[in-house]
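Me: Could you take a close look at one strand in this model and walk me through what surrounds it? Keep it chatty, but stick to what the coordinates say.

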Amino acid sequence: MIKSTFHSHSRFDDGCDELEAYLISAIAKGFKVFGFSAHAPVIFESDWNMKLGFFDEYIQTTELLKEKYSGIIEIYTGLETDYYPGCIDWRVKNGVDYTIGAIHFIKNDATGVYMPLDGNREEFEETLKNGFDNDICSLVKAYYGQIREMLMKMPPNIIAHLDVIKKNNINGRYFDEEDDYYREEVLKTLEIISLSNTIVEVNTGGIARGYMLEPYPSKWILEACLDMDIPVMVNSDSHHPDNIDFYYEEIHKLLKKIGYKYQRILSGNKWRNVKL
Ligand SMILES: [Zn+2]
Ligand SMILES: [Zn+2]
């Protein structure tokens, strides 16, 4: 098993430490490959995203770290990119090795405000009320619809926390994943994923931050991904250096139990399947 993550944050965005602190922790924990994925700048106000003025420094710092740690750990420079109509295409920027595509915001057409989808409970309820008249079904459809649009218009290498919309849905507070409409939205999205050659990440970040006991996406979605030959990769989405392998052992066990033999990672500058 090759220990890796392609989803990590730092002081460049909403993480808490220098890039190098995450690497030092990764090396200590036996990681062989490490990808940085700062939240790419967006065209509206956001507390989470890297500011545009830091982009060059971010790329330069990761390049320096690649040199410094050459032969010790493989390092890649990624970005967690937001997709929304009119967003910047970060895939084509110099120095970017890969992108993780995410939907964190949805635009309220009436007000022009970009509303967060995976904030805290109060923020989620505000989005639900202001953007969708408290109709959870419309919110779910808008979320998965925007993922499908991203996959068709600007497919990333990796799709971030596919069902992050369940972040505040503990005990089915807002919706039931077994509802027909919910399953249909997910399965329609998986069909597009299977055609787009995108990797679905198995993200332990929600568990590390105490929001849930399950990864993104849910087990039944991972079973469906296996049926549809969709590749997966295990990522920690760590904001703190100590959490970079949080819940990894359990997730590897879960994936093997479902029937996965491989995860797909970037190594030797190529996307390849490696044994779990
Ligand atoms: Zn994210
Ligand atoms: Zn993230």
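Reply: Let's go with strand β9, residues 232–235: Val232 and Val234 point one way from it, while Met233 and Asn235 point the other way. All four of these residues are buried. Bear in mind that this is a predicted model. The split fits a general pattern, because side chains in a regular strand alternate between the two faces of the sheet.

Next, the neighbour. Strand β8, residues 199–203, pairs with β9 in the parallel sense, over 4 bridges. Within that pairing, glutamate 201 stands opposite methionine 233.

Met233 turns up again when you look at the packing. The largest nonpolar core has 60 residues, and Val232 and Met233 are among those that touch the most other members. Ala38, Ile158, Val200, Val202 and Cys225 belong to that group too. As for which element gives the most to this core, that's helix α4 (residues 136–153), with 6 residues.

Ile158 is a handy one to click on from here. Leaving out residues up to four places away in sequence, isoleucine 158 touches Met233 as well as Glu201, the two residues that face each other across the strands. Its other contacts on that count are Phe6, Tyr98, Ile100, Thr198 and Ile199. So if you want to follow the strand pair into the core, try selecting Ile158 together with Met233, both being among the core residues that touch the most other members.

Definitions and conventions. Residues numbered from 1 in each chain as written. Chains lettered and ligands numbered in written order. Predicted model: local features only at pLDDT ≥ 70, side-chain atom pairs only at ≥ 80, totals over all residues. Core = buried A, V, L, I, M, F, W, Y, C linked by C-beta atoms within 7 Å. Buried ≥ 20, exposed ≤ 12 C-beta atoms within 10 Å, placed from the backbone. Contact = placed C-beta atoms within 7 Å. Pairing = 2+ DSSP bridges.
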